[in-house]
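Reader: Hi! Could you walk me through this one?
Author: Happy to, here it is.
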Amino acid sequence: MLEIRLQKFLAHAGIASRRKAEEMIKQGRVAVNNVIVENMGVTVSSNDVVTVDGVPVITEEKKVYIMLNKPVGFVSTSKDQFGRPTVIDLVKDVEMRIYPVGRLDYDTSGLILLTNDGDFTYRLTHPKHEINKVYEAVISGFPKDNEIKRFEAGLKIEDYQTSPAKFLVLDKQGVNTLVRITIHEGKNRQVRKMCEAIGHKVLTLKRIQIGPIALGNLPEGKWRHLSDNEIKTLY
Ligand code: URA
């Protein structure tokens with residue numbers, strides 16, 4: 001847990017400027033875990049209870065928004081019952097407890113967002129917001145026009161009727177085809193099941209975009225903070 005100087009902690013919490021906070025400490029108005037602080041070098045973490053004139057200082061945890069290029073072979077939950085590596089293992093140096101926004105399969109790579117902002121997660125994952133997710137897939141064979149039409153119109157996977165989607169052929173790769181697929185739902189293994197429903201197996205799957213946020217050239221296994229502008233456009 002990050003330790004910071006008490007005066008900085010008070011300033012971050014919006015109690016006073018650092019200089020004013022130092023004065024408050026000197027005046028004996030600040031306590032840490034019920035003990036009045038008498039010298040200036042004290043550091044605190046979010047585990048400590050800080051009070052000013054006996055009133056607890058409430059700090060709101062800083063919100064973080066991260067994009068990761070997930071490699072195949074990582075689960076997108078915080079913990080895995082089988083002990084497999086998780087996307088959280090790839091995001092080092094972040095003090096806050098962050099969670100993946102939605103899921104990518106173990107065998108899917110590409111863009112996944114992580115945050116400690118529950119409201120943001122809700123907005124992005126609730127089906128009513130219909131946020132487009134764009135995938136590139138290599139599928140077996142070469143899809144026919146009527147299959148693409150069925151895919152785009154929406155089809156039945158198990159008991160679920162999928163919404164209209166987009167399906168674009170990008171390249172023929174030997175006996176396989178590289179395609180770009182856009183859906184706004186997030187049913188379990190949905191892209192794989194939709195492709196299978198039109199007779200083509202997904203060989204590789206990578207997510208390249210969520211709403212306006214594109215993976216770009218972020219290397220596999222690497223992460224970065226979203227820019228303020230990216231966060232704004234998602235909201
Ligand atoms: N659709 C899938 O089939 N798998 C994913 O990981 C994401 C979407």
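Author: We'll talk about the ligand and what is around it.
Author: This is a predicted model, where local features need pLDDT of at least 70, side-chain atom pairs count only at pLDDT 80 or more, and totals for chains, interfaces and linings use all residues. Residues are numbered from 1 along each chain as its sequence is written, and side-chain values use heavy atoms, with hydrogens and water left out.

Reader: Thanks! Which residues surround the ligand?
Author: Leu104, Asp105, Thr108, Tyr135, Arg189, Gln190, Val191, Arg192 and Leu205 do (a residue is near if one of its heavy atoms lies within 4 Å of the molecule).

Reader: How do they divide into nonpolar, polar and charged?
Author: Four are nonpolar, two polar and three charged. Here Ala, Val, Leu, Ile, Met, Phe, Trp, Tyr, Cys and Pro count as nonpolar, Asp, Glu, Lys and Arg as charged, and the others, Gly among them, as polar.

Reader: What is 2.9 Å from an oxygen atom of the ligand?
Author: That's an N or O atom in the side chain of Thr108. Polar backbone atoms come in too: one of Arg189 is 3.3 Å from a ligand oxygen, and one of Gln190 is 3.4 Å from a ligand oxygen.

Reader: New topic: where does the ligand lie relative to the domains?
Author: It lies between domain 2 (65-126 + 218-234) and domain 3 (132-210), because both give residues to its shell. The bounds come from an automatic or database domain assignment.

Reader: And what about domain 1?
Author: Domain 1 covers 4-56, and its centre is 56 Å from that of domain 3, taken over C-alpha atoms.

Conventions: Polar contact = N/O pair within 3.5 Å; in protein donor to acceptor, adjacent residues only side chain to side chain.
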